[in-house]
Amino acid sequence: NGPTAYGFSFKYPKSWRPNKQVGNAHLYNLQVTPGKDAGSGRISLTVDQVKGDSLAAWGTLAAASERLRAAAAKASKGGQVSVVRSVEYAKGGMTYYEIEVKSDTGVHEWSKLALTAEQLFALTLSSSSPGTEPFASEVLDSFTVKPNSMDNFQVTAKGQAPGVFDYLKQVPTDLGKVEAGVF
C-alpha cells in the first residue's frame, strides 16, 4: 500500500518506491520511482488549485495536449515532441483527459488529468525504455479520482471551497488509497 488517501488511487509495481515531495509549487506532489534494479521511469501525481469545476472549464483537450507537449519540448532541450494520442472520456462521475506525447530523443510521457473541487489531478508516467506502453496503460487505467469528495481537499488558500458545508453531506466512509500492484 502507498502513503496517502486524498480521494485518488492508482497502482504501481511493488518494487517501485513512493516519495512525497515537500516544499514545491504543488498542493500535493508524489513521485514514484523504480527501486534498485527495477527498471527505469517515473510516475508523478500532482494536485494543483485551479479556477473552474471541470476539465472543460479549465481547458479543452486540445489546449491541455498542447500544454503537455510544450512542457515536454522544453524538458527535451530542443528535441521535437509530438502528441501521439489524446482522448476525453467519463468514468465514475468524472471526466478524464488522457494524453500521450513522445520526443525524438526517445522520452515517452503518458498523462491522465481530472479536475474536481477546484483541484487539478495530474498523473504522469515518463520513460525512455522501449516497450513501456502496456505498463503505462495499466497505471493510467488504474488512476481514479473521487468526484466532489472531502478527501480531495488539500490545505489551500482561504476561500478555496466556498461550498464546503454542502460537500460535508457527500463525505464517503471509505478512503481512496494509492495501491501497489503487481504487473
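Colleague: Which residues touch the most other members in the largest nonpolar core?

Modeller: Bear in mind that this is a predicted model. In its largest nonpolar core, which has 23 residues, F8, F10, I43, L45, L123, F143 and V145 touch the most other members.

Colleague: And which elements supply at least two residues of this core each?

Modeller: That list has β4, β5, β7, β8, β9 and α3, each with at least two residues in the core. The largest share comes from α3, which supplies four residues.

Colleague: Let's pick L45. What is L45 in contact with, leaving aside neighbours within four places in sequence?

Modeller: With those neighbours set aside, L45 is in contact with F8, F10, Y28, N29, L30, A122, L123 and F143. Of these, F8, F10, L123 and F143 are also named among the core residues that touch the most other members.

Colleague: How many residues are in the other core?

Modeller: That one has 14 residues and lies apart from the core we just discussed. A72, V81, L115 and A122 are among its members.

Colleague: Nice. Zooming out, how many helices and strands are there in the chain?

Modeller: The protein chain has four helices and 11 strands.

Colleague: What is the strand order in the open sheet?

Modeller: Seven strands make up that sheet, in the order β3-β4-β5-β9-β8-β7-β6, with antiparallel pairing. β3, residues 16–20, and β6 each have a single partner strand, so one side of each has no neighbour in the sheet.

Colleague: By how many degrees are neighbouring strands turned against each other?

Modeller: On average it is 15° between neighbouring strands of this sheet, ignoring direction.

Colleague: Let's look at one edge. How many bridges pair β3 with β4?

Modeller: There are five bridges, in the antiparallel sense, between β3 and strand β4, residues 28–34. One pairing to look at is K20, whose bridge partner in β4 is L30. L30 also appears among the contacts of L45.

Colleague: And at the other edge, how many bridges join β6 to β7?

Modeller: β6 and β7 run antiparallel and are joined by 10 bridges. The hairpin they form has two residues between the strands, and G92 takes a positive phi near 60° there.

Colleague: Helices next. Which strands does α2 touch on the sheet?

Modeller: α2 packs on the sheet and touches β6, β7 and β8, the last of these being residues 108–116. The direction of α2 makes about 140° with that of β6.

Colleague: What about α3, which strands does it lie across?

Modeller: Helix α3, residues 133–142, lies across β3, β5, β6, β7, β8 and β9. It runs at about 5° to β8. This is the helix that gives the largest share of the 23-residue core.

Colleague: Switching to charges: how many salt bridges do you count?

Modeller: The count comes to three salt bridges. As background, side chains of opposite charge can pair when their charged atoms come close.

Colleague: Where do E66 and R69 lie?

Modeller: Both are in helix α2, residues 61–75, three residues apart, or about one turn of the helix. They form a salt bridge, with 2.8 Å between the closest N and O atoms. E66 is partly exposed at 38% relative accessible area, and R69 is partly exposed at 24%.

Colleague: Which residue does R85 meet at 2.8 Å?

Modeller: That's E98, in a salt bridge with R85. The pair links distant parts of the chain, with R85 in strand β6 (residues 81–91) and E98 in strand β7 (residues 94–103), 13 residues apart.

Colleague: Is E98 buried or exposed?

Modeller: E98 is buried, at 6% relative accessible area, while R85 counts as partly exposed at 35%.

Colleague: What about the salt bridge of R85 with E100, how far apart are the closest N and O atoms?

Modeller: They are 3.6 Å apart. R85 is in β6 and E100 in β7, so this pair ties together parts 15 residues apart in sequence. E100 is buried, with a relative accessible area of 10%. Through shared partners, R85, E98 and E100 are joined into one network. E100 is also the bridge partner of R85 in β7.

Colleague: Last one: what percentage of the residues count as buried?

Modeller: Of the 183 residues in the protein chain, 41% do. The accessible surface is about 9600 Å², with 52% of it belonging to carbon and sulfur atoms.

Technical notes: Residues are numbered from 1 along each chain as its sequence is written. This is a predicted model: local features need pLDDT of at least 70, side-chain atom pairs count only at pLDDT 80 or more; totals for chains, interfaces and linings use all residues. Side-chain values use heavy atoms; hydrogens and water are left out. Buried means under 20% relative accessible area, exposed over 50%, partly exposed in between (1.4 Å probe, protein chains only). Accessible areas come from the Shrake-Rupley method with a 1.4 Å probe; for residues, only the protein chains shown count as cover. A salt bridge is a side-chain nitrogen of Lys or Arg within 4 Å of a carboxyl oxygen of Asp or Glu. Two strands pair if DSSP finds at least two bridges between them. Axes are lines fitted to C-alpha atoms, for helices over the stretch in contact, and angles run from 0 to 180 degrees between N-to-C directions. Contact means heavy atoms within 4.5 Å. A nonpolar core is a set of buried Ala, Val, Leu, Ile, Met, Phe, Trp, Tyr and Cys residues joined through side-chain atoms within 4.5 Å.
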